[in-house]
Amino acid sequence: MPTLLRMPLRTLAHLSDLHLDLSPDSDASAQALLSAVQASRADHVVLTGDLTHQGSREEYRRFVDIFAPLLDTGRLTFIPGNHDRPGEDVGGAWMDGLKVRTVERPGVYFVCVDSTGEHNRNYFASHGELSLDTVERVEAALDAAPRDSLVAVLVHHHVLPLPEESFPERLATRMGWPHASELSLGAELVARVQGRCDLVLHGHRHQPCETVLDTAHGRPLRVFNAGSSTDLGRFRLFQHSDGRLLGEPQWCHSTQPERPRTAGHNVRPALQYLVTQLGMALF
Ligand SMILES: [Fe+2]
Ligand SMILES: [Fe+2]
């Protein structure tokens, strides 16, 4: 009698935009998230950029200290965001000089994309960068994806247009500045990966959202923005088996309540950016 083989049920947690800034509040939020991740028994965790707030080595060390239980067991995959590039540019070294690289773990295959650019060394130029060459490298990486793995593209910046979250973002869009825009080839990236992977996971914008793209290609593609996990005090947990998502992702909450940091944390640098842009336009 044939043996019924059952594929193991696996879980994947998605966090983003920790913005660790060495403050006690920031440390407590990150620590509470780690505890919640451990309680969720996630097999693997992805963190889609802006781990640090100003790209400093000390902020990165704090991240390594707090998330050591996941890092030491090879259960955490992370990519750089624009906030990891200013200052001492810690994020500049995380992709080994590559724009696209792959990570394979039991049951999952990640195509990690670096959507930051040299312009992000300027703290106030927050928009991302995605070239056609990078999009083609993502396609090539997907060609090598195992059939029985959940396949996710990890990228920091948003790939599709999203509503602005603040007055400075609305103003920047109105002025035609790139500050709040989605990746210029984001829609192209989505079109090319549709039907060939299961998830696009990103951050950058601090309010979470999700988009389900049409399933005519036979393999649904879902695009999730985690938002700022430290601000929200929660993260999504995906269940999957045999390379397919099972049901809807669940929100897992940390012991830290949602904090209204986003506005104050981002409005000041955004305003400074706008002042800089205005100055450049006038002189
Ligand atoms: Fe962010
Ligand atoms: Fe960002």
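I take contact to mean heavy atoms within 4.5 Å, and I keep in mind throughout that this is a predicted model.

**Entry 1, Asp-17.** I looked up Asp-17 and found it in the loop between β1 (10–15) and α1 (24–40). Leaving out residues up to four places away in sequence, I listed what Asp-17 touches, and the list includes Asp-50, His-156, His-204 and His-206, as well as Gly-227, Ser-228, Ser-229 and Thr-230. Its side chain makes a polar contact of 2.6 Å with that of Ser-16 and another of 3.1 Å with that of His-206. I noted Asp-17 as buried because its relative accessibility is 0%, under the 20% cut-off.

**Entry 2, the iron ion (ligand 2).** Asp-50, His-156 and His-204, which Asp-17 touches, led me to this ion, whose protein donors are Asp-50 (OD), Asn-82 (OD1), His-156 (NE2) and His-204 (ND1), at 2.1 to 2.3 Å. I then checked the second metal and found that the iron ion (ligand 1) lies 3.5 Å from the iron ion (ligand 2), with Asp-50 coordinating both.

**Entry 3, geometry.** Which arrangement do the four donor atoms around the iron ion (ligand 2) form? I recorded it as irregular, because the angles they subtend run from 88 to 157 degrees, whereas a tetrahedral assignment needs all angles between 85 and 135 degrees.

**Entry 4, the two histidines.** Along the chain I read the donor spacing as D-x31-N-x73-H-x47-H. His-156 sits in the loop between β6 (150–154) and α5 (167–175) and His-204 in the loop between β7 (199–202) and β8 (209–213), so the pair ties together parts 48 residues apart in sequence. I noted His-156 as buried at 0% relative accessibility, and His-204 as buried at 13%.

Notes. Residues are numbered from 1 along each chain as its sequence is written. Chains are lettered from A and ligands numbered from 1 in the order in which they are written. This is a predicted model: local features need pLDDT of at least 70, side-chain atom pairs count only at pLDDT 80 or more; totals for chains, interfaces and linings use all residues. Side-chain values use heavy atoms; hydrogens and water are left out. Donors are N, O and S atoms within 2.8 Å of the metal (3.2 Å for Na, K and Ca); water is not among the atoms, so sites may look incomplete. Four donors count as tetrahedral if all angles lie between 85 and 135 degrees; four count as square planar and six as octahedral if opposite donors are over 155 degrees apart and all others between 65 and 115; anything else is irregular. Helices (H or I, at least four residues) and strands (E, at least two) are DSSP runs, numbered from the N terminus. Buried means under 20% relative accessible area, exposed over 50%, partly exposed in between (1.4 Å probe, protein chains only). A polar contact is a pair of N or O atoms within 3.5 Å; within protein, one must be able to donate a hydrogen and the other to accept it, and residues adjacent in sequence count only if both atoms are side-chain atoms.
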